[in-house]
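Q: I would like a close look at one part of this protein, followed by a short walk through what surrounds that part along the chain. Please keep to what can be read from the model itself.

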Amino acid sequence: MNIKLSIYTALVLSLGWACNNPKQEQKEEAEAKEVEQEEISKVTPDVTTELVKHDTDDPAIWINPENPEESLIVGTDKGGDDGDGALFVFNLEGKILRDKTIENIARPNNVDIAYGLKLNGKATDIAVCTERYTNSLRIFSLPEMKPVDNGGIEIFKGEKLRGPMGISMYTDPATGNIYAIAGRKDGPKDGTYLWQYLLEDDGNGNVKGTLVRKFGSYAGREIEAIAVDSEKGYVYYSDEGVGVKKYYAHPDSSNVELALFGNGDLFTEDNEGISIYKHDDGTGYIIVSDQAANIFHFFTREGSEGNPHEHKLVKSLYASTLESDGNEVTNVAIGDKYPEGFFVAMSDDKTFQIYDWRKVKPEEDKATAQK
């Protein structure tokens, strides 16, 4: 009895000391964090782009259908306070293509790409970015990078809180209609934070935008990163400091939140850029930037067995990026260099970094590829 009592007393005293000793708690938390970090793989980029002028933010990938090796990366440079931002265009060696780069854009934040918008009866690929200082969308044809927007499409009309930031494109598989889904620097918390616009020919070969939907709850700091899975019909966005939220992408859908993941203590500070790696069988990965930690978290695209809205964490990856906001990924084979596609992410040193998908993909994906 005395021995048991002594052990019990020692245990109580030990627990009491640990609970009342902040330094000990901090030490244990730090040690636990070190163990977690050791389990996270680290990779370096295959290519780092040339420097932009001011401040990189978000990349998009245009796949050249005739020669994938001549595909392009379009990246935003937000510019300085005077609004001298730009859309920089790079080849896959990371070289800036000056003849395609668009300068003097007033604070471009995010950019995305859509394929086959009918303009003057011709299928036209487009790059769409938000221009925050003019509360507009800017649209350029690809690969020429010629403006097709009459100087910009004004969005969030009539709102006090505007400042567009995030942008992602949804193509309806049934009709081919193309929509832009835009977020903003700040907005209402009543479920109308995101606005969706149908993009179509204005009759003169330029693009017009028609508002078709308002949706999306907001509880964090801002909504910048948005990604759409057109094949599955879902849109994902980072409610920064809260988690990744999921809704239906079709404008006639309900505005019910389908999922919230990446919440809790997983992210160090802000959940940011989102991209989706797609397999033809409907599986794949939703990749989200843990901005402050320089980590990318990989979640199941297809959800879990029996629940398509349960997106489980399968991998965390240390990259060489700094404070990464935006990222993009493609599954298209690019010659011998990127036979399974590549991942590109913004880095806060005025560059974008390109990674061979084979280096960053989860182990389960590698096992599948070997079968």
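In what order do the four strands from β3 to β6 form their open sheet, and in which sense, parallel or antiparallel, do they pair?

A: The model is a predicted one, and the part in question is an open sheet whose four strands follow the order β3-β4-β5-β6, with antiparallel pairing. Its edges are formed by β3, residues 56-62, and by β6, residues 102-105, each of which pairs on one side only. From one strand to the next, the twist averages 20°. As general background, strands of a sheet pair through backbone hydrogen bonds, in either a parallel or an antiparallel manner.

The pairing can be followed at the β6 edge, where strand β5, residues 85-90, is joined to β6 over three bridges in the antiparallel sense. Within this part of the model, Gly85 stands opposite Ile105 of β6. On the way from β3 to β4, which spans residues 72-77, the chain passes through a loop that holds Glu70. This Glu70 belongs to a negative surface patch, which it forms with Glu69, Glu93 and Asp336.

Beyond this sheet, the chain has two local backbone features that deserve a careful look. Asn120, placed in the loop between β7 (108-119) and β8 (122-131), has a positive phi of about 55° although it is not a glycine. The other feature is a cis peptide bond between Leu142 and Pro143, with omega about 5°, and Pro143 lies in the loop between β9 and β10.

The region of β9 also contains a charged pair, since the side chains of Arg138 and Asp149 meet in a salt bridge at 2.6 Å, N to O. Arg138 lies in strand β9 (residues 136-142) while Asp149 lies in the loop between β9 and β10 (153-154), so this pair ties together parts that are 11 residues apart in sequence. Over the whole structure, a search finds 16 salt bridges.

For a second example of an open sheet, one can turn to the four strands arranged in the order β15-β16-β17-β18, where the pairing is antiparallel. Here the edge strands are β15 (223-229) and β18 (259-261), and each of them pairs on one side only; the twist from one strand to the next averages 20°. Inside this sheet, strand β16, residues 234-239, runs antiparallel to strand β17, residues 243-248, and six bridges join the two. One of the residue pairs to look for is Val235 with Tyr247, its bridge partner in β17.

How values were computed. Residues numbered from 1 in each chain as written. Predicted model: local features only at pLDDT ≥ 70, side-chain atom pairs only at ≥ 80, totals over all residues. Heavy atoms only, no water. Pairing = 2+ DSSP bridges. Axes fitted to C-alpha atoms, helices over the stretch in contact; angles between N-to-C directions. Patch = residues over 30% accessible without salt bridge, like charges linked within 9 Å, V, L, I, M, F, W, Y side chains within 5 Å. Areas by Shrake-Rupley, 256 points an atom, 1.4 Å probe, with all protein chains shown as cover. Salt bridge = Lys/Arg side-chain N within 4 Å of Asp/Glu carboxyl O. Lys, Arg positive; Asp, Glu negative; His and termini not counted. Charge placed at Lys NZ, Arg CZ, Asp CG, Glu CD.
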